[in-house]
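Got your viewer open and your selection tool ready? Here is a short walk through the model, one stop at a time.

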Amino acid sequence: MSVHDDITAVQRCLDDLNRSLSRLEHQLGRGGLEIRRVRLDAEHLRESVALLRETAASPAALHRPDLVTISDAPYDISLWTDSDDEGLGARDRRAP
């Protein structure tokens, strides 16, 4: 399955969830905090899937960032000349 097919399948499941929630609201009433919370969560899921669909459709989603190679060579010791050791203070002074 492609990403588009998977997102479409998720969208169908969310549509089924929405229909089921409508039936529950009809049976239980709209006043309950629990049904409102579930309805709100379902709407958040719907918005998230829409964003996911937009991201998957853009060509930038298929482009991976270039990897940066980090050398195994040790750093130049002069980089640390005026630095403090974390929690210990400067090298030539006593720690608190």
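**The whole chain first**

Of the protein's 96 residues, 10% count as buried, where buried means under 20% relative accessible area, exposed over 50%, and partly exposed in between (1.4 Å probe, protein chains only). A word on ground rules: this is a predicted model, so local features need pLDDT of at least 70 and side-chain atom pairs count only at pLDDT 80 or more, while totals for chains, interfaces and linings use all residues. Residues are numbered from 1 along each chain as its sequence is written, and side-chain values use heavy atoms, with hydrogens and water left out.

Switch to cartoon: you should find 2 helices and 0 strands. Both kinds of element are DSSP runs numbered from the N terminus (helices are H or I, at least four residues; strands are E, at least two). Contacts (heavy atoms within 4.5 Å) are worth a glance too: among those in the protein with a separation of 6 or more, 47% are between residues 24 or more positions apart. Put a surface on, and the protein exposes about 8800 Å², with carbon and sulfur atoms supplying 58% of it; these areas come from the Shrake-Rupley method with a 1.4 Å probe, and for residues only the protein chains shown count as cover.

**Stop 1: Q11**

Select Q11, which sits in helix α1 (residues 3-28). Its relative accessibility is 18%, so Q11 counts as buried. What does Q11 touch, not counting residues up to four places away in sequence? The answer is R46, V49 and R53.

**Stop 2: the salt bridges**

Now show side chains and hunt for salt bridges, meaning a side-chain nitrogen of Lys or Arg within 4 Å of a carboxyl oxygen of Asp or Glu. By this rule there are 3.

Begin with R46 and D15, whose side chains meet at 3.1 Å, N to O. R46 belongs to helix α2 (residues 33-57) and D15 to helix α1, so this pair ties together parts that are 31 residues apart in sequence. R46 is partly exposed at 22% relative accessibility, and D15 is partly exposed at 26%.

Next, select R39 and E25, a salt bridge with an N to O distance of 3.1 Å. R39 is in helix α2 and E25 in helix α1, so the pair ties together parts 14 residues apart in sequence. R39 is buried, with a relative accessible area of 17%, and E25 is buried at 12%.

Then pick D16 and R19, which form a salt bridge at 2.2 Å, N to O. These two are 3 residues apart in helix α1, about one helical turn. An α-helix has 3.6 residues a turn, so residues three or four places apart point the same way. D16 is partly exposed at 41%, and R19 is partly exposed at 45%.

**Stop 3: along α2**

Color α2 by itself. It has 25 residues and reaches 36 Å from its first C-alpha to its last, close to the 36 Å expected at 1.5 Å a residue (the expected span is 1.5 Å times one less than the number of residues). Which residues of α2 are buried? Select I35, R39, A42 and V49. Bring α1 back into view, since what covers these buried residues of α2 includes α1.

**Last stop: the nonpolar patch**

Finish with V68, I70, Y75, I77, L79 and W80, which make up a nonpolar patch on the surface with about 770 Å² of accessible area together. Patches are made of residues with over 30% relative accessible area and no salt bridge; like charges are joined within 9 Å and nonpolar side chains (Val, Leu, Ile, Met, Phe, Trp, Tyr) within 5 Å. Zoom in on W80, in the segment after α2: W80 is partly exposed, with a relative accessible area of 42%.
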